[in-house]
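Dear colleague,

I am passing on the structure we spoke about, with the sequence and the coordinates together. Please have it open beside this message while you read my notes.

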Amino acid sequence: MRHDRQVRSLPSIIHLDMDAFFAAVEQAAKPSLRGKPVIVGGLGGRGVVSTASYEARRFGVHSAMPMAQARRLCPNAAFLAGRFEAYRQVSEIVMGLLRELSPLVQPLSLDEAFVDLEAGPYGPVLAEADLATAERLVVALAEDLRADIERRTGLTASVGAAGSKLMAKIASEQAKPDGLVLIEPGEERAVLGPMPVRALPGIGPATEQVLRRAGLNTVADLAEAGEAELVQLLGRSHGVGVHQMSIGLDDRPVVADQDAKSVSVEDTFEVDLADRERVLREVDVLAARCVRRLRAAGRSGRTVVLKVRRFDFSTLTRSETLRGPTDDEAVITETARRLASQVDITGGVRLLGVGVSQLADYTQEDLFAQAEREEAAAEQHPAPTGEDHGPVEEEAVVRHWLPGQDVHHDEFGPGWVQGSGVGRVTVRFETPWSGPGRVRTFAVDDPALEPARPLPLRRDAGRGEHGDAWAGDGGAGDAPAGDARAGDGGAGDARAGDGGPEDGGAAEPGE
Ligand SMILES: [Mg+2]
């Protein structure tokens, strides 16, 4: 089963991961929060932490923790809703720097990517060099990259370099925060051995339980157990894969672009839906969820897809391609309803799905993971949910001021919402390049106060060749710039203004 070419002889794959990305962007944007605990995530009752700053982690706060628990552990932190447009803008700069190193850049999220250095301009040099020279070159490239990122964004990144994606990712984890770790080819088993089984990709809590019951706790245990035992425990394909990883074998290529991307949601019903109106109401709910995911990922799409599974399990899909990409809920809902009204539902419908395809950049799997977190972040909005079978309601006209949101005041200039309640909103007036600013309070409907787009983290960031996103006019130009709003990256009123097909962007909380 084994062949020799499964680990490169050079540590030419790097994994870059921004440090505490969402929280770090917030601290860079808001001088009064620097050095203080900052927690970004869903602020509603069932919200979860997306990212905690290192100051907050000292109190035990971490990603995916319920927000209520985070508030108990670290009551004095700044609790902020996410600003996905701001994160996307920083991500574009970072991904642009990575693409200077190689065309083979595989983003895993907004702040994380693999890069295959052998496919880039340094590939020929690496191929010629002896191991020691090649390692020095990889280290120099990675340190330059980290310095460039810090210069262009003010943020720190960690980089792992190794002969495989598996080891590069483990190396970047070891490098955190603000570091660089290179794992030499040949060291894989020594590095992996003592790690818990969960360190391997594809081993989640359920698999971990199975392995633990068999007495397998570390990666070395897996390697010693051997392929046959792992196949017996986990099944053929999973067992073989886990065994290969446990001995450091990973030949997954860095893949720059993937085709056929879509965002979709679906629901199976306990009782078949037999009534057309009911089907259309479900389509509305699904379309709204789909749009939230699409927006959370900063995407737009051109083709709307409806999936229907009928009472007899026959499944059909219908699609309609629009003239241009959209993330507009009304357009997507209307198109999905039109498709649904053309389908024969006699006998009943077991399952409905709504999707949008013809997107670019990120894999479907990533989009879903990101969107689930984003949905959690959007929970405080009265947005329709899967359980809500009523008609989709328009977002109320009442202004929402979300903690962390960018605003502009006619007299006091740019600032951000520190909090709001009982008809008042508190704004701190500061910018990424100012000192800590002063706080002022206004009526929530003060006409001088407007939502604003995020400011660049560096004042001159509009100049570099990757800095066009800062120009403030909507990037790719497919969407009207006037629609772009700073905000909470999802429910209701927040819009990404740059929905062109090649703009990078999806949101994932970082470590
Ligand atoms: Mg990260």
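Below is what I found, beginning with the whole chain and ending with single residues.

Please bear in mind throughout that this is a predicted model. The protein has 511 residues, of which 48% are buried, and there are 14 helices and 17 strands in it. Among the contacts with a sequence separation of 6 or more, 65% join residues that are 24 or more positions apart.

The interior

The largest nonpolar core holds 95 residues, and those with the most contacts inside it are Ile 39, Val 115 and Ala 171. Helix H4, which spans residues 84–101, supplies the largest share of this core, namely ten residues. If you would like a place to start looking, Ile 39 touches Val 49, Ala 52, Ala 56, Val 61, Ala 70, Cys 74, Ala 77 and Phe 79, leaving aside residues up to four places away in sequence. Apart from the largest core lies another one, of 25 residues, and Ala 288, Leu 306, Leu 339 and Leu 352 are among its members.

How the helices pack

Two packed helices are described by the angle between their axes and the distance between the axes. On that basis, H4 and helix H6 (residues 131–153) pack at an angle of about 150° with their axes 10 Å apart, and the two helices are therefore roughly antiparallel to each other. The crossing in which H4 passes H6 is right-handed. On the H4 side the contact is made by Val 90, Ile 93, Val 94, Leu 97 and Leu 101, which meet Leu 141, Leu 145, Asp 148, Ile 149, Arg 152 and Thr 153 of H6. Sorted by class, this contact of H4 with H6 comprises eight nonpolar residues, one polar residue and two charged residues.

H4 also packs with helix H1 (residues 21–29), where the axes come within 10 Å and cross at roughly 95°, so that H1 is roughly perpendicular to H4. Here Phe 21, Phe 22, Val 25 and Ala 29 of H1 meet Ala 86, Tyr 87 and Val 90 of H4. The residues of this contact are seven nonpolar, with no polar and no charged ones. Val 90 of H4 is thus listed both in the contact with H6 and in the contact with H1.

Further along the chain, helix H12 (residues 276–296) and helix H13 (residues 329–341) have axes that come within 9 Å and cross at roughly 145°, in a right-handed crossing. From H12, Val 279, Leu 280, Val 283, Asp 284, Ala 287, Ala 288, Cys 290 and Val 291 meet Glu 329, Ile 332, Thr 333, Ala 336, Arg 337 and Ala 340 of H13. This contact of H12 with H13 divides into ten nonpolar, one polar and three charged residues. Ala 288, which takes part in it, is also one of the residues of the 25-residue core.

Single residues

Pro 11 sits in the segment before strand E1 (13–18) and is buried, because 28 other C-beta atoms lie within 10 Å, where 20 or more are required. Its C-alpha is 6.3 Å from that of Glu 184, although the two are 173 residues apart in sequence. Beyond residues up to four places away in sequence, Pro 11 touches several others, including Glu 135, Val 138, Ala 161, Leu 182 and Pro 185.

Ala 134 lies in H6 and also counts as buried, with 21 C-beta neighbours inside 10 Å; with residues up to four places away left out, Ala 134 touches Leu 10, Leu 126 and Ala 129.

Backbone details to check

Most residues other than glycine have a negative phi, and most peptide bonds are trans. Against that background, the peptide bond from Lys 176 to Pro 177 is cis, with omega near -15°, and Pro 177 is placed in the loop between helix H7 (165–175) and strand E8 (180–182). Ala 20, in the loop between E1 and H1, has a positive phi, near 45°, and is buried, with 27 C-beta neighbours inside 10 Å. Ala 64, in the loop between helix H2 (54–57) and helix H3 (67–73), likewise has a positive phi, near 75°, but Ala 64 is exposed, with 11 other C-beta atoms within 10 Å.

With best wishes

How values were computed:
Residues numbered from 1 in each chain as written. Predicted model: local features only at pLDDT ≥ 70, side-chain atom pairs only at ≥ 80, totals over all residues. Core = buried A, V, L, I, M, F, W, Y, C linked by C-beta atoms within 7 Å. Buried ≥ 20, exposed ≤ 12 C-beta atoms within 10 Å, placed from the backbone. Helix = DSSP H or I, 4+ residues; strand = E, 2+ residues; numbered from the N terminus. Contact = placed C-beta atoms within 7 Å. Axes fitted to C-alpha atoms, helices over the stretch in contact; angles between N-to-C directions. Parallel < 35°, antiparallel > 145°, perpendicular 65-115°, else oblique. Left-handed = near helix turned anticlockwise from the far one by under 90°. Nonpolar A, V, L, I, M, F, W, Y, C, P; charged D, E, K, R; others polar.
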